[in-house]
Structure formats: C-alpha cells, structure tokens
Amino acid sequence: MLAQTSLDPSIVTNLKQYKLLREGHFSYRSGRHSAALLDRDRLLADPQVASRMGYALAKAFFTSKIDTVAAPSIWGAGLAQWVAYFMEPRAKLVYATPMPDGARRIADNLHDLIVDQRILLIDNVMISGETIQRFDNEIHGLGGEVLGVGCLWAGAEKSLHAHDVFGLLNDLYPAYLPQDCPICKDGDDDPEVIAY
Ligand SMILES: [Zn+2]
C-alpha cells in the first residue's frame, strides 16, 4: 500500500524554471494524451531538483520496508540513487547494465542484493512500460520480491503485473486515453506528437 503523498508544488516550479517540464497538449506513442512533457535527457541534470524528486518518491514507499531500489537504466539509476538514500532505513541500489544485444543484465555480484529482498523498481519516465516490465521479470527470476514501481511520470497503464505504478507527477498531469482527454474536448488544438 502506498502512503498518501501530496506533491510539493515547488518541485513543479523548479521543473518549469529549468525548462524540464513543458505544458501543452501532447500525444505519446503509448496512445495517451497529456498536458505535460518532461525533458527526459536533462531531467536529472540538476542534483538539487533530482534529490527533491527522489525524496518525494521515497516518501511514497516509506512504509514498504524496501531493502533494495533497482533501476533498469542509467536514467533511472540517477533517480534511484536518491530514492535509496532517503529510504528509512537507507536502501541499497542495483542497476542493470545494457548488453550489446539490447538486453539488460544485473551483474552476478549484485544478486545478493536481490535474492529474498524487498525491491522497489524506479525509472525516470515510463511510457510504454515495456522496459520496466522486462526488468520486473528479471528481478522476479532472480528471487526478488517487487513491492512497487515508482517513476516521475507514467504515460501508460497504472498497473504493471500486480504492482501499482506510482508516477510522481501523474496526479497533476494525468495520462488520458484520447477519448477521455479534456484538452481534446476543450478546444481545437491538435496534440503535438511525441516520438516516444
Ligand atoms: Zn488530447
């Protein structure tokens, strides 16, 4: 169960200030529409903003007694480092290494941080959910117990296998099916098509 959290509005102010968050009308490859577009490449470039987002994500999982925070990508790892740091007690961090064939692998000498451990999966932005889903399978395969999935924003389904996906910015910027999109209903602005 996730703890109730409310997003600190100054995080959004920071994101806008550093031009990491743009408001408008966007259509993602997942088929969803949203009023927000995050700059995936620069999202974690500012450590101060990254640490505050990491704290907010950690707070959402404070009651889950997480042993290890695991990230499927280097982008997720930058955020996961902060999430692990702010867990009480502090959690360990594991991230996957991209392989030449496109798969991601967790190094053998990290497996003890997964076997029989309580795991939180963290990525920066989740669009189709495919990456984190494969990673979830791998963690399960290694004997880890996944307690939840957290990201800054999720543009796809709200659940993954049996896990709830917590998107820090999703309450403020929901990802709508096109037929439910209030921005489509509202006006005549076609959504800007986003490549991912
Ligand atoms: Zn729309």
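Two residues are in contact if their C-beta atoms, placed from the backbone, lie within 7 Å. Helices (H or I, at least four residues) and strands (E, at least two) are DSSP runs numbered from the N terminus.

The model is predicted: local features need pLDDT of at least 70, side-chain atom pairs count only at pLDDT 80 or more, and totals for chains, interfaces and linings use all residues. Residues are numbered from 1 along each chain as its sequence is written.

The chain holds five helices and 13 strands. Its C-alpha trace spans about 55 × 35 × 30 Å along the principal axes. Of the contacts with a separation of 6 or more, 69% join residues 24 or more positions apart.

Two packed helices are described by the angle between their axes and the distance between the axes. Axes here are lines fitted to C-alpha atoms over the stretch in contact, and angles run from 0 to 180 degrees between N-to-C directions.

| Pair | Axis distance | Angle |
|---|---|---|
| H1 (residues 9-17) and H2 (residues 47-60) | within 10 Å | roughly 145° |
| H2 and H3 (residues 74-86) | 8 Å | about 55° |

In the first pair, Ile11, Asn14 and Leu15 of H1 meet Val49, Arg52, Met53 and Ala56 of H2. These residues divide into five nonpolar, one polar and one charged; Ala, Val, Leu, Ile, Met, Phe, Trp, Tyr, Cys and Pro count as nonpolar, Asp, Glu, Lys and Arg as charged, and the others, Gly among them, as polar.

H2 also contacts H3, through residues including Met53, Gly54 and Leu57 in H2 and Leu79, Trp82 and Phe86 in H3. The residues of that contact comprise 10 nonpolar, three polar and no charged.
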